[in-house]
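Colleague: I'm new to this one, and I'd like to know what stands behind the words people use for it. Could you take me through them?

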Amino acid sequence: MAAVVAALVVARPFRRGPACLGRLLRREAGGATCGPWGRGGPGARRGAGGSEVLTKSLQRGVALSTGCFLVYEAHKLISGFAEVHASFKVEEVIEQADYLYGSGETEKLYRLLVQHKNSDDAELLWRLARASRDLAQLSSTSAQEKRQLAYEALEYAKKALEKNESNFAAHKWYAICLSDVGDFEGIKTKIGNAIVIKEHFQRAIELNPKDATTIHLIGIWCYSFAEMPWYQRKIAATLFATPPTSTFQEALHYFHMAEEADPNFYSKNLLFLGKTYLKLNNKKMALLWLSKAKEYPAHTEEDKQKTVSARRGRPSRYQAEIVECSEKSS
């Protein structure tokens, strides 16, 4: 603290505060000696004595004010150091989180980020939402835990959005988590949330037009509503004046847009390109994209699980879907 105070004395010379007090000191001292009788009157000696007392009192006031000022400035400087340190800490946690995410260490990633659930940093919060959701997706997670994690993920994403509305990832993960929660609340809620979900996906793309995953997710949104069964359409028409709708052409547009943003970024985008072309009765293009999906190398944990299933002689749902679609397109 002494070093900080000394630095402040050198770095921040006094301006108005002590100067004003100095002028006040000189003015009051002069006025006391003059008194009601003037400088030569009978009260001059007494006035001079009073002036000395006043001078000493004001000098003590100056010293006290100086001390308070230095303590205040030292506090500001230390607070600034603390903020910088906190900023470095956030960046360090984010760096660790991104490494764990890239390594597929879902449980470790969640344990790291959940320690910062009360953070005001949107970058930390949307990563925590993603980690909570990924943990819920694990086969080892119980049904009760999946539900709890889904709602927690939504709260973290919502908080991230409140902290920074201009963060594209906050919009993206809020939409994803809102969709997940709809799975627990029934068809009415899910359809009711659909418009909000699409709006947040579109806002995320506005903020980051190169994020292929978000573009892919809008494609999935369009595909889902284009493929919606007749009875669900009837429910939607009953519940909502203008229920959400889409077409396979719109879905295809977004899947291609995602590939343009980041070619071969995701095996499921290749699969849905094939499925959408199949829905549009273009078997040649469907077979082309389904073949790419089938030959896609394992990059993510999801891809690795598909590969393991194939090696064990048990095709995954994803692989079975490719085979089924390929057969329809041939």
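Modeller: Sure. Helices here are DSSP runs (H or I, at least four residues), strands are E runs of at least two, and both are numbered from the N terminus. With that, S246 can be placed in the loop between α10 and α11. This is a predicted model, where local features need pLDDT of at least 70, side-chain atom pairs count only at pLDDT 80 or more, and totals for chains, interfaces and linings use all residues. Residues are numbered from 1 along each chain as its sequence is written, and side-chain values use heavy atoms, with hydrogens and water left out.

Colleague: Why does S246 count as buried?

Modeller: Buried means under 20% relative accessible area, exposed means over 50%, and partly exposed is in between (1.4 Å probe, protein chains only). S246 has 12% relative accessibility, so it counts as buried.

Colleague: And what makes E165 partly exposed?

Modeller: The relative accessible area of E165 is 40%, so it falls between the two cut-offs. E165 sits in the loop between α6 and α7.

Colleague: What is S246 in contact with, leaving aside its neighbours within four places in sequence?

Modeller: Contact means heavy atoms within 4.5 Å. By that rule, S246 touches W221, C222, F225 and A226.

Colleague: What makes the pairing of S246 with E250 a polar contact?

Modeller: That term needs a pair of N or O atoms within 3.5 Å; within protein, one must be able to donate a hydrogen and the other to accept it, and residues adjacent in sequence count only if both atoms are side-chain atoms. The side chains of S246 and E250 meet that at 2.6 Å.

Colleague: Why is α9 called largely enclosed?

Modeller: Eleven of its 15 residues are buried, so the rest of the structure largely encloses α9. Among those buried are W221, C222, F225 and A226. The cover over them includes α7, α8, α10, α11 and α12.

Colleague: How do you know that the span of α9 agrees with what it should be?

Modeller: The expected span is 1.5 Å times one less than the number of residues. For the 15 residues of α9 that gives 21 Å, and its end C-alpha atoms are 21 Å apart, so the two agree.

Colleague: Which element has the lowest mean pLDDT, and which the highest?

Modeller: pLDDT is the predictor's confidence in each residue, from 0 to 100. Helix α1 has the lowest mean, 38, and α11 the highest, 98. Over residues 1-47 the pLDDT is below 50.
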